[in-house]
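Trainee: Could you take me through one part of this model up close? I would like to follow a single buried residue and then see what surrounds it.

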Amino acid sequence: MDLKAHIRGVPDFPKPGILFYDICTLLRDGPAFRAAMTQLADMVRPYKPTMLAGIESRGFVLAAPLALELGLGFILLRKPRKLPGATIGYNYALEYGTDRLEIQADAVKKGDRVVLLDDLLATGGTMSAGIKLLKEAGAEVPLAAGLIELTFLNGRARLDAPFQALVSYDS
């Protein structure tokens, strides 16, 4: 199935000059969503993960059903103060300011093989922070993956793990 045919480009969102690749159109088409999950499962399975992790919030939409499909647990990487109990976090730089990702302190055991998922890889800042957080928590990250990669932004160069995506856009 051509997944790109189910991803809508929205010009000038969230600000002028940006072309936003909207996965909502893919998610609401059952056969397309199923095809994406099947393709992601085929991509991730060879890395033999013990857990999957998703980055808030669109990463949750991909990682949770994929974890179920693969019979694995699922870890949430969230913005600050969104998770109950003790957390560990990682601060990272944005274009203007900083942000932080957190996981529950007991979410990862040393040696867990955690594949990290998000909907899209752009500049790589958030995905890189997620990989670093998981590694600092004791996990191995054999793969980071997404539905979409914006190759022209070269985000994978910032990642300390291999990266794969189902579709890519060169502009």
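Mentor: Happy to! Let's start from D119, which touches I23, R58, G59, L62, G146, L147 and I148, leaving out residues up to four places away in sequence. Please keep in mind that this is a predicted model. D119 belongs to strand β7, which runs over residues 114-121. Its relative accessibility is 7%, and because buried means under 20%, D119 counts as buried.

Two of the residues that D119 touches, L147 and I148, bring us to the nonpolar core. The largest such core has 29 residues, and L66, L147 and I148 are those with the most contacts inside it. The elements that give two or more residues to this core are α2 (30-44), α3 (58-70), β7, β8 (144-150) and β9 (163-169). Of these, α2 gives the most, with 8 residues. L66 shows how such contacts look from one residue: setting aside neighbours within four places in sequence, L66 is in contact with M37, L40, A41, V44, L52 and L117. Apart from this core lies another, of 26 residues, among them Y90, A107, A137 and V141.

Let's stay with α3 for a moment and turn to the rings. A search of the whole structure finds 3 aromatic pairs. In one of them, the rings of F13 and F20 have their centres 5.1 Å apart and their planes at 85 degrees, so this pair is edge-to-face. F13 is partly exposed, with a relative accessible area of 42%. F60 and F74 also form an edge-to-face pair, at 6.0 Å centre to centre and with 80 degrees between the planes. Because F60 lies in helix α3 and F74 in strand β4 (residues 73-77), the pair ties together parts that are 14 residues apart in sequence. F60 is buried, with a relative accessible area of 17%, whereas F74 counts as partly exposed at 26% relative accessibility. Another ring to look at is that of Y169: the charged end of K4 sits over this ring, 4.6 Å from its centre.

To finish, have a look at helix α4. At 1.5 Å a residue, its 12 residues (125-136) should span 16 Å, and the end C-alpha atoms are 16 Å apart, which agrees. The buried residues in α4 include G125, M127, S128, A129, G130, I131, L133 and L134. Just after α4, G138 takes a positive phi of about 110 degrees.

Technical notes. Residues are numbered from 1 along each chain as its sequence is written. This is a predicted model: local features need pLDDT of at least 70, side-chain atom pairs count only at pLDDT 80 or more; totals for chains, interfaces and linings use all residues. Side-chain values use heavy atoms; hydrogens and water are left out. Helices (H or I, at least four residues) and strands (E, at least two) are DSSP runs, numbered from the N terminus. The expected span of a helix is 1.5 Å times one less than its number of residues. Buried means under 20% relative accessible area, exposed over 50%, partly exposed in between (1.4 Å probe, protein chains only). Contact means heavy atoms within 4.5 Å. A nonpolar core is a set of buried Ala, Val, Leu, Ile, Met, Phe, Trp, Tyr and Cys residues joined through side-chain atoms within 4.5 Å. Rings of Phe, Tyr and Trp (its six-membered ring) pair if their centres lie within 6.5 Å; planes under 30 degrees apart count as stacked, over 60 as edge-to-face and the rest as tilted. A charge sits over a ring if NZ of Lys or CZ of Arg is within 6 Å of the ring centre and within 35 degrees of the ring normal.
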